[in-house]
Amino acid sequence: MKIFFNGSLVDRADAKVSVFDHGLLYGDGVFEGIRLYDGCVFKLEEHLERLEYSAKAIMLKMPISRKELAEAVCATCRANNLKNGYIRLVITRGEGSLGLSIHSCKQPNLIIIADTIQLYPAEFYEQGLKIITVPTRRINPAALPPTVKSLNYLNNILAKTEAQHLGYHEAIMLNDQGYIAECTGDNIFALHKGVLLTPPSSAGALKGITRDAVLEIAAELKVPVREVNMTRYDTWICDELFLTGTAAEVVPIVEVDARPIGNGKPGELTLRFLEVFKRIVREQGTML
Ligand code: PXG
């Protein structure tokens, strides 16, 4: 496997960062997870824009331009003969001294990994997924903006671990006001009386690229959307519920907090969203 590492493609064994890298020491850095479908990189520009915004928010200078980065992503996929897979783009703060100051870190590390992806099993899509709300709250947006896709995922990891401990694959995280933020690695949508509801980023949600794609599909299907604060109650009584994410795409939820959603089967409109999403990933990608 070839890894893009600071400007060149190197063997996996040679792609190493220093133990003094602040990405390792403090989770100081940003990343993106991108899908490759049939030789097309899905929403590459959108991912690179979000990466730039994340970097700007944490005052990390992008080591190369967006055009160079786009080319490096494609080159990494080509070097690994990959046609379908998952691309992980990581920029760490770089090597520095022991201490929180970013000023000792002179050169960020840029890493691009292109690999195959372990997908959710087909039954999750056919039968739907059961989820719960976990006690671990989403970190306050005033402490760390949820829109920054940083290397600091401990908050989400703790929530995911809680879910797994209870036998679930995903979980709803609430913010410190008790409103729904998102799931541990996915955004959430509820359909109620024909209106699609999803929490705003101010409630603690990442501005997911799949979330944006679903908002575009909703406009195409003429489904009204409201980005509003949502409570657990909104998910308990809704007609359909689904999650969105780069790895998960669109996953129907059939039970939340032991309450069945609708008739306990994947929702009709949810499946329509999934179908349209599967179509656009092939139409809207950047060819390698
Ligand atoms: N919320 C959070 C907190 C995420 O990390 C999403 C929503 C969905 O966003 P996109 O842009 O992918 O539609 C994410 C991204 C994993 C994993 O292994 C998932 C993400 C990130 C890192 C790892 O499941 N999802």
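Reader: Which residue in the turn of the S1–S2 hairpin has a positive phi?
Author: Strands S1 and S2 form a hairpin with 2 residues between them. This is a predicted model, where local features need pLDDT of at least 70 and side-chain atom pairs count only at 80 or more, while totals for chains, interfaces and linings use all residues. The turn residue with a positive phi, about 45°, is asparagine 6.

Reader: Okay, and what does lysine 2 pair with in S2?
Author: S1 covers residues 2–5 and S2 covers residues 8–11 (strands are DSSP E runs of at least two residues, helices H or I runs of at least four, numbered from the N terminus). The two run antiparallel, joined by 4 bridges (pairing takes at least two DSSP bridges). Residues are numbered from 1 along each chain as its sequence is written, and side-chain values use heavy atoms, with hydrogens and water left out. In S2, the bridge partner of lysine 2 is aspartate 11.

Reader: How many residues surround the ligand?
Author: A residue is near if one of its heavy atoms lies within 4 Å. The closest are Tyr153, Glu182, Ile209, Thr210 and Thr246. By class, the shell has 4 nonpolar, 9 polar and 5 charged residues (Asp, Glu, Lys and Arg are charged; Ala, Val, Leu, Ile, Met, Phe, Trp, Tyr, Cys and Pro nonpolar; the others, Gly among them, polar). The number of residues around the ligand is 18.

Reader: How much of the ligand's area does the protein bury?
Author: A ligand oxygen is 2.8 Å from a polar backbone atom of isoleucine 209, and a ligand nitrogen is 3.1 Å from one of glycine 185. Taken alone, the ligand exposes 550 Å² (Shrake-Rupley, 1.4 Å probe). Of that, the protein buries 81%.

Conventions
Polar contact = N/O pair within 3.5 Å; in protein donor to acceptor, adjacent residues only side chain to side chain.
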